[in-house]
Amino acid sequence: MSRPINALIDLSALKHNLSVVRRYAKCARVMAVIKADAYGHGLLRAAEAFSSADGFAILEIDAAIHLREAGYQHTILLIEGFFSKSELELFERYQLSAVIHNSKQLQMLSAYKLSGKLNVFLKLNTGMNRLGFTPEQFLKALETLQSNSAIDQITLMTHFACADNRNDRKEVIEQLQCFNSVVTNYDLPCSLANSAATLQYPETHADWVRPGIMLYGASPFSDISASELDLRPSMTFTSEIIAVQNLNAGDTVGYGQTFCAKQIMRVGIVAGGYADGYPRHAPTGTPVLVNGVRTRIIGRVSMDMLHVDLSKVANAGIGSPVVFWGKGMPVEEVAQAAGTISYDLLCSLTQRVKIKT
Ligand SMILES: Cc1ncc(COP(=O)(O)O)c(C=O)c1O
């Protein structure tokens with residue numbers, strides 16, 4: 001028997017979550033964001049589940065090529081574009097679409113003799129101040145692309161900084177107004193919305209939405225749960241109790257002795273630690289399911305193990321199932337307790353966790 005730690009990927013949940021995107025953004029095409037190994041779910045596994053999407057957005061060129069070679073005919077958008085002239089040859093050969101966000105990329109495109117045609121997404125910086133041309137530079141960049149005979153379809157895009165903030169619409173509206181004022185004279189397709197904007201700002205849907213986290217069944221909002229949005233968890237990270245300790249009042253558990261029992265209690269030792277992708281900084285109190293019962297982790301997470309409070313789970317013992325996150329234990333709740341976000345947890349699983357479908 002091997003170490004009992006697994007991640008169960010629910011393909012029907014992935015498909016269902018895509019249908020939720022379609023329900024919200026009825027008139028837009030859907031670019032499923034599958035970067036970072038599809039948020040930890042496995043590239044080809046997720047691509048198959050999302051095969052009815054209109055396109056895939058990705059970051060890693062090797063992964064993009066892998067998708068093409070696996071037979072996917074979809075639009076495949078590289079969301080940081082290309083980094084060198086030599087990569088352009090791959091974009092051409094594999095018919096990959098490139099985000100163009102800086103002047104160096106424009107120069108590389110002008111200098112490269114493409115024999116075919118390339119589709120590009122020109123990125124406007126509307127206030128995120130990460131990637132993209134300023135409104136002043138943008139129209140010049142657009143002209144440059146339009147005069148390049150090797151460029152086929154041009155789509156205009158931006159990315160929101162605060163679409164997940166439900167208390168204040170100001171930032172999104174300002175970014176949207178900035179985008180609209182710059183692109184207004186051009187009859188070109190547009191793409192703006194991530195998951196939060198897809199769910200909350202129908203006015204941003206335009207021609208392509210680019211959802212990521214909602215496809216994986218997590219809510220982008222801190223005050224609305226995934227189930228309230230009809231999203232289903234697609235990754236359930238599980239393990240088992242491999243030892244039980246009986247503590248007396250005053251006994252401690254784990255490295256640094258950071259947890260001290262106030263009374264007699266049973267503690268389950270679970271196969272799963274930071275070398276598996278469970279966050280080391282998750283404090284005592286972080287929720288976890290044991291035998292289907294909600295309890296808490298206690299003490300410091302170590303490399304291969306962590307400890308759970310069995311006070312309320314009297315029937316638990318060696319072999320009892322543990323759910324770190326997923327079905328019955330929303331990943332957002334665990335992330336919040338650990339001072340991070342669901343994206344971080346989903347992407348963190350390491351190779352020694354067996355993936356099952
Ligand atoms: C350009 C771009 N579009 C869309 C997304 C998807 O965002 P989310 O996972 O919040 O839906 C990302 C994710 O970081 C992104 O970088």
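Here are some exercises with worked solutions on the predicted model shown above.

**Exercise 1. Get your bearings**

Describe the overall make-up of the protein chain, and find how many helices and strands there are.

*Solution.* Start with the secondary structure: the protein chain has 11 helices and 18 strands. Next, take the extent along the principal axes, where the C-alpha atoms fill a box of roughly 75 × 45 × 35 Å. Then turn to burial: 45% of the 357 residues count as buried. Finally, consider contacts between residues at least 6 apart in sequence; 61% of these join residues at least 24 apart.

**Exercise 2. Two domains and their contact**

Work out where the domains lie in the protein chain and which classes of residue domain 1 brings to the side that touches domain 2.

*Solution.* Begin with the bounds: domain 1 covers 11-218 and domain 2 covers 235-356. The centres of the two, taken over C-alpha atoms, are 37 Å apart. Eight residues of domain 1 and 10 residues of domain 2 take part in the contact. Now sort the domain 1 side by class, and you find five nonpolar residues, three polar ones and no charged ones.

**Exercise 3. A helix with two faces**

Identify the buried residues of helix α4 (residues 61-69), then explain why they lie on the same side of α4.

*Solution.* First, list the buried positions: I61, A63, A64 and L67. Second, look at how they are spread around the axis. They cover an arc of only 160°, which puts them on the same side of α4. It helps to recall that an α-helix has 3.6 residues a turn, so residues three or four places apart point the same way. Third, check the face turned away from the buried side of α4, where the exposed residues D62 and E69 are found. Fourth, ask what the buried residues of α4 pack against: the partners are α3 (43-49), β3 (55-58), β4 (75-78) and α5 (85-93). To finish, step just past α4 to G71, which takes a positive phi of about 105°.

**Exercise 4. Strand β2 and its partners**

Decide why strand β2 (residues 29-33) can be called largely enclosed, and trace its pairings with β9 and β3.

*Solution.* Count the buried residues: four of the five in β2 are buried, so the strand is largely enclosed by the rest of the structure. Then follow the pairings one by one. With strand β9 (residues 208-209), β2 runs parallel and shares two bridges; here V30 sits opposite V209. With β3, the pairing is also parallel, over three bridges, and A32 has F56 as its bridge partner.

**Exercise 5. Positive phi in helix α2**

Examine A36 and Y39, and determine whether each is buried or partly exposed.

*Solution.* Start from the general rule: most residues other than glycine have a negative phi. A36 is not a glycine, yet has a positive phi of about 50°. Its place is in helix α2 (residues 35-40). Y39, found in helix α2 too, likewise has a positive phi of about 50° without being a glycine. Now compare each neighbour count with the cut-off for burial, 20 or more other C-beta atoms within 10 Å. A36 has 18 C-beta neighbours inside 10 Å, so A36 counts as partly exposed. Y39 has 22 other C-beta atoms within 10 Å and is therefore buried.

**Exercise 6. Strand β16 from both sides**

Find which way each residue of β16 points, and name the strands that pair with β16.

*Solution.* Take burial first: five of the five residues of β16 (residues 305-309) are buried. M305, H307 and D309 point one way, while L306 and V308 point the other way. Next come the neighbours. Strand β13 (residues 265-271) pairs antiparallel with β16 over five bridges, and G268 stands opposite V308. Strand β15 (residues 293-298) is also antiparallel to β16, joined by two bridges, with I298 opposite H307. Last, inspect the hairpin of β15 and β16: six residues lie between the strands, and G299 takes a positive phi near 75°.

**Exercise 7. Around the ligand**

List the residues that surround the ligand and sort them by class.

*Solution.* The shell consists of V33, I79, H159, N194, S195, R210, P211, G212, I213 and P220. By class, these divide into five nonpolar, four polar and one charged.

Terms used
Residues are numbered from 1 along each chain as its sequence is written. This is a predicted model: local features need pLDDT of at least 70, side-chain atom pairs count only at pLDDT 80 or more; totals for chains, interfaces and linings use all residues. Domain bounds come from an automatic or database domain assignment. Two residues are in contact if their C-beta atoms, placed from the backbone, lie within 7 Å. Ala, Val, Leu, Ile, Met, Phe, Trp, Tyr, Cys and Pro count as nonpolar, Asp, Glu, Lys and Arg as charged, and the others, Gly among them, as polar. A residue is buried if 20 or more other C-beta atoms lie within 10 Å of its own, exposed if 12 or fewer, and partly exposed in between; C-beta atoms are placed from the backbone. Two strands pair if DSSP finds at least two bridges between them. A residue is near a molecule or strand if its C-beta atom, placed from the backbone, lies within 6 Å of it. The arc is that of the directions from the helix axis to the C-beta atoms.
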